[in-house]
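Here's a quick look around a structure you may not have met before. Take a moment with the picture, then read on.

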Amino acid sequence: MTEQDHKKIADLLKQTLSPVNPEPSRDLWSAMLRRLEQRPATKSWLAVMFSPASLASVPWFDWALLAALIIGLCIYPKSIPVWLYHF
Amino acid sequence: MNTHPYLRAYMAGSAVPTMMLVVVLSGFLIARYTFQIPIPIERAIVFPMALVPNIFGLWNIFYLWLRPRRHLPIGFHGALLPFILAPLGFGLATVSGFLAATSGGLVWFHELVVPYGFLALGFSFALIAYYLVWKYIVGFFNGVLGIA
């Protein structure tokens, strides 16, 4: 491509593309503030972990396993120090 | 760009037992000073404080390394860990002098007798506990750190 071709392409592009208005048609700052206010607050990881949605996704057999663990600890509480040692 | 996935896996794995350490220490203190169980805290805390968090971190690194090769769900991967931790814990407790094997069963902290018949039940409970912890807590931390 020669320099003349480059110039020709540039002229064609200038003719084809409409000129951009450097000023926005309306004030965008108020819309930006509204958008920022709409953003949900960042939740802590504990809130995410124990959110109703994540608790609802736990299958029933995992709840059953957890219940078995708790019942086992209640039946044999003397084993708690041994459990603590192994965790 | 190297995003250090193994370092993140180590941190995600070791976070859970590190947070549990406060619970463990509180439990030991309550057992010793409220229920008068003679737990040698300074020796008993070595295993949950020094070894378990590191092994959790390394096990999570192993999970990440293993994933493209032979994928095992994280819960089952975690449930395999007691097969390593239980012998280590028993060995260290025996060497430290607060676990003894007698004819009636294992004697923990010179006071708590665990009959041999209960060992298999206790071990299966450990498998359940580790399965749940790895599936829901370590898995969650892996997700938070972007390695799930």
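In this predicted model, the largest nonpolar core is made up of 38 residues. The ones with the most contacts inside it are A:Tyr85 from chain A, plus B:Phe28, B:Phe98, B:Trp108, B:Tyr130, B:Val133 and B:Val138 from chain B. As for who chips in, α6 (80-85) of chain A gives two or more residues to this core, and so do α1 (5-33), α3 (46-66), α5 (82-96), β2 (105-108) and α6 (116-144) of chain B.

Let's zoom in on B:Val138. Leaving aside residues up to four places away in sequence, B:Val138 touches B:Ala12, B:Gly13, B:Val16, B:Asn60, B:Ile74, B:Gly78 and B:Val133.

Now for where the two chains meet. Chain B puts 28 residues into the contact, and chain A puts in 17 residues. On the chain B side, α1, α3, α5, β3 and α6 each supply at least two residues. That side has 25 nonpolar and 3 polar residues, with no charged ones.

One helix turns up as top giver in both places:

| Place | Top giver | Residues given |
|---|---|---|
| Largest nonpolar core | α6(B) | 9 residues |
| Side of chain B that touches chain A | α6(B) | 8 residues |

Chain B also has an open sheet of 3 strands, in the order β1-β2-β3, with antiparallel pairing. Why do β1 (99-102) and β3 (112-114) of chain B stand at the edges? Each has a single partner strand, so one side of each is left without a neighbour in the sheet. Ignoring direction, neighbouring strands here are turned by 25 degrees against each other on average. β2(B) and β3(B) pair over 3 bridges, and B:Trp108 has B:Leu112 in β3(B) as its bridge partner.

Notes: Residues numbered from 1 in each chain as written. Chains lettered and ligands numbered in written order. Predicted model: local features only at pLDDT ≥ 70, side-chain atom pairs only at ≥ 80, totals over all residues. Core = buried A, V, L, I, M, F, W, Y, C linked by C-beta atoms within 7 Å. Buried ≥ 20, exposed ≤ 12 C-beta atoms within 10 Å, placed from the backbone. Helix = DSSP H or I, 4+ residues; strand = E, 2+ residues; numbered from the N terminus. Contact = placed C-beta atoms within 7 Å. Pairing = 2+ DSSP bridges. Axes fitted to C-alpha atoms, helices over the stretch in contact; angles between N-to-C directions. Nonpolar A, V, L, I, M, F, W, Y, C, P; charged D, E, K, R; others polar.
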